[in-house]
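User: Please go through the helix packing with me, giving the cut-off behind each term as it comes up.

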Amino acid sequence: MSVRTPGSTPDDEVLATVISPAGELRPDGLRGPGGRPTVDVRTLTRVLFERLAELPPDAPERERVRAALIEVNIPLVRYAATRFRSRSEPMEDVVQVGTIGLINAIDRFDPGRGVQFPTYALPTILGEIKRYFRDNVRTMHVPRRLQELWVQVSGAMEELTVVHGRTPKVPEIAASLRIPEEDVRACLDAGRAYNAASLEAAQEHEGGLALLDRLGYEDSALAEVEHRDMVRHLLVQLPERERRIVMLRFFANLTQSQISTELGMSQMHVSRLLSRILTRLRTGNSWDD
């Protein structure tokens with residue numbers, strides 16, 4: 001807890017919670033019980049950047065203020081890293097890479113432009129993590145043209161985010177780089193293609209089913225669809241009695257003897273009728289020919 005001295009301002013008090021009078025970083029001033037920030041992160045970030053701007057380039061205190069900015073904004077890096085939780089890389093490795101992006105964002109940030117630091121830093125952090133996956137972890141082949149274009153697209157996204165205060169849309173990126181929108185979309189898709197998933201690997205969001213279990217299969221009866229349709233067309237042309245004989249024989253699986261009993265005719269007559277019916281069906285001739 002800082003003590004307010006005569007002539008001090010609220011910003012001075014905020015700064016005193018993380019920087020001691022001797023210029024040392026106060027780790028206990030950044031995080032209180034339970035790891036919660038002792039001061040609002042946005043306020044503290046603003047005050048630290050203002051202090052950083054006041055210091056000359058060779059001032060020893062610059063490194064301590066810069067270190068405080070990094071420590072205060074590490075939660076932003078962890079938030080960005082959670083977007084890559086599904087990848088096979090350890091989360092701590094992703095956080096370390098994202099921290100490099102955070103440091104770059106701190107060194108490039110200009111508070112005078114009126115943009116909140118998280119809005120500016122998040123695309124830079126994400127871009128650093130994506131470059132890491134692209135250059136070191138990618139197992140899928142992506143054409144070099146798209147890899148090179150991705151560098152331009154990610155850079156344009158960072159710049160446009162600062163200008164608009166939001167994530168840019170595909171047409172805005174395409175207009176900035178003067179390239180077709182299709183190239184931007186292809187580049188964004190390629191930027192997300194890092195690993196090939198095993199067909200036998202269980203998918204958490206699919207209730208543990210493997211991708212192989214959800215793939216379609218070839219219907220063995222598909223080749224007979226045309227034949228069945230043709231038979232159906234011929235059957236409707238048969239007289240009622242002959243159609244019933246066919247249905248009893250081939251769909252109900254009755255013997256000729258059972259059909260003769262069912263229809264009240266001799267088995268020989270049933271046999272002759274079946275022979276005549278099948279001949280007509282095989283040749284495709286109508287019953288009245």
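User: Which residues of α14 are buried?

Analyst: This is a predicted model, in which local features need pLDDT of at least 70, side-chain atom pairs count only at pLDDT 80 or more, and totals for chains, interfaces and linings use all residues. Residues are numbered from 1 along each chain as its sequence is written, and side-chain values use heavy atoms, with hydrogens and water left out. Buried means under 20% relative accessible area, exposed over 50% and partly exposed in between, with a 1.4 Å probe and protein chains only. By that criterion, the buried residues of α14 are Val 270, Leu 273, Leu 274, Ile 277 and Arg 280.

User: Why do these buried residues lie on the same side of α14?

Analyst: An α-helix has 3.6 residues a turn, so residues three or four places apart point the same way. On the other side of α14, Met 268, Arg 272 and Arg 282 are exposed. The buried residues are on the same side because the arc they cover around the axis, taken from the directions from the helix axis to the C-beta atoms, is only 130 degrees.

User: At what angle do α13 and α14 pack?

Analyst: Axes are lines fitted to C-alpha atoms, for helices over the stretch in contact (heavy atoms within 4.5 Å), and angles run from 0 to 180 degrees between N-to-C directions. The axes of α13 and α14 are 8 Å apart, and the packing angle is about 105 degrees.

Terms used:
Helices (H or I, at least four residues) and strands (E, at least two) are DSSP runs, numbered from the N terminus.
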